[in-house]
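With the model open in your viewer, please follow this short tour of charged side chains, selecting each group of residues as it is named.

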Amino acid sequence: MGINRSIAELVGKTPLLELTGLEKKLGLEAKVIVKLEYFNPNQSVKDRIALAMIEEAEKNGDLKPGYTVVETTSGNTGIGLAAIAAAKGYKFRVYIQDQVSEERFQVIHAFGGETIKLSEEPVVAKVLAETNGDFVAAIKALKEQVLDKEENIFFVDQCSNPANPGVHERTTGPEIWNDTDGNVDILVANVGTGGTVSGTGKYLKRKNPDIKVVAIQPGPDSLPSEANPAPEEITGVHPFDGIPAERIPSTMNLNIYDEKFEVETIDAYKAARAAAKSDGILVGTSSGAAIHTAVELAKRPENKGKTIVAVLPDTGLRYLSTNLFNEDFN
Ligand code: PMP
């Protein structure tokens, strides 16, 4: 491997792990293989898109030395961007939802980034109040009324940036194909921006059109409703079916998946807890959702002998302040 000279060189090339412990414990007759994205330098799949979106912008002239990189999430993408921006010498600014955990602010600040709460940006606060919290509308207003008027900034916009699905088509898909020697029957991926499932699915289906793509959507009990306005949610995962088209990011290819699989947060928690005990991996809530989905697929008689690959987006260490590993919460 030699000596790397930038964290950019450490992004991707993450390992596949067959969950042999879980397979044995549950008596599964299909292979459950996971792609451990927490092996990225800042512990999530989003390091891939952070690097790709920045390098694409450098290439086409949207991002130049001295510029500020701007994004609207403190999630994994914000952390990945903050780190890559730091390593490449750009300033970084992120607009953050107010209720985000204190750790998120600390991480972005550690990388030298600036954080602005959404409630502190008047244009955004106004739209959020008027639309009952429509985040897509709020970001659009932020872009048109604030960012477009500023000079020397690059607004990353992961939900419409083609480099997001593009990097999964260029790296995540080929890695899975090569590391399994093409022996993969089913791909399981979460949907947030849709970048992972769209890009990875596109590459794998091009190699073998028979590969089935299963996309994860939060179950009804895990989404805010009138009866339950603040349920435990699967961080970073959003519905793509049964919601208005304008709320679906353009990075999500709705033609890519063969099956939509709904997962409730509690089942994601239980699967992540089980995999920690059976195979010694500590992964996040959406990873738990992917493991749960892969296991349920493995139990189906028609999938006997098949190989299921599930992409696990991030590390469980990012969730220690949540109920993910709180066994009393069940
Ligand atoms: N899980 C986590 C923890 C995430 O941060 C994200 C990104 N929002 C996803 C899953 C979904 O990935 P994608 O945006 O590529 O659909």
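**A tour of salt bridges**

Begin by selecting glutamate 259, which is buried, because its relative accessible area is 17% and the cut-off for buried is under 20%. Bear in mind throughout that this is a predicted model. Now add lysine 212 to the selection: glutamate 259 forms a salt bridge with lysine 212, and the closest N and O atoms are 2.9 Å apart. Glutamate 259 belongs to strand 9 (residues 259–263) and lysine 212 to strand 8 (residues 212–218), so this pair ties together parts that lie 47 residues apart in sequence. Lysine 212, for its part, is partly exposed, with a relative accessible area of 26%.

Next, select glutamate 58 and lysine 88, whose side chains meet in a salt bridge at 3.2 Å, N to O. Here the pair links distant parts of the chain, with glutamate 58 in helix 2 and lysine 88 in helix 3 (residues 76–88), 30 residues apart. Glutamate 58 counts as partly exposed at 27% relative accessibility, and lysine 88 likewise counts as partly exposed, at 29%.

Staying with helix 2 (residues 46–59), select lysine 59 and glutamate 56, which are 3 residues apart and therefore separated by about one helical turn. These two form a salt bridge in which the closest N and O atoms are 3.9 Å apart. Lysine 59 counts as exposed at 68% relative accessibility, whereas glutamate 56, at 37%, counts as partly exposed.

Finally, select Lys35, Glu37, Arg48 and Glu175 together, since you will find them linked in a network of salt bridges. The count for the model comes to 21 salt bridges.

Note on methods:
Residues numbered from 1 in each chain as written. Predicted model: local features only at pLDDT ≥ 70, side-chain atom pairs only at ≥ 80, totals over all residues. Heavy atoms only, no water. Salt bridge = Lys/Arg side-chain N within 4 Å of Asp/Glu carboxyl O. Helix = DSSP H or I, 4+ residues; strand = E, 2+ residues; numbered from the N terminus. Buried < 20%, exposed > 50% of the residue type's maximum accessible area, 1.4 Å probe, protein only.
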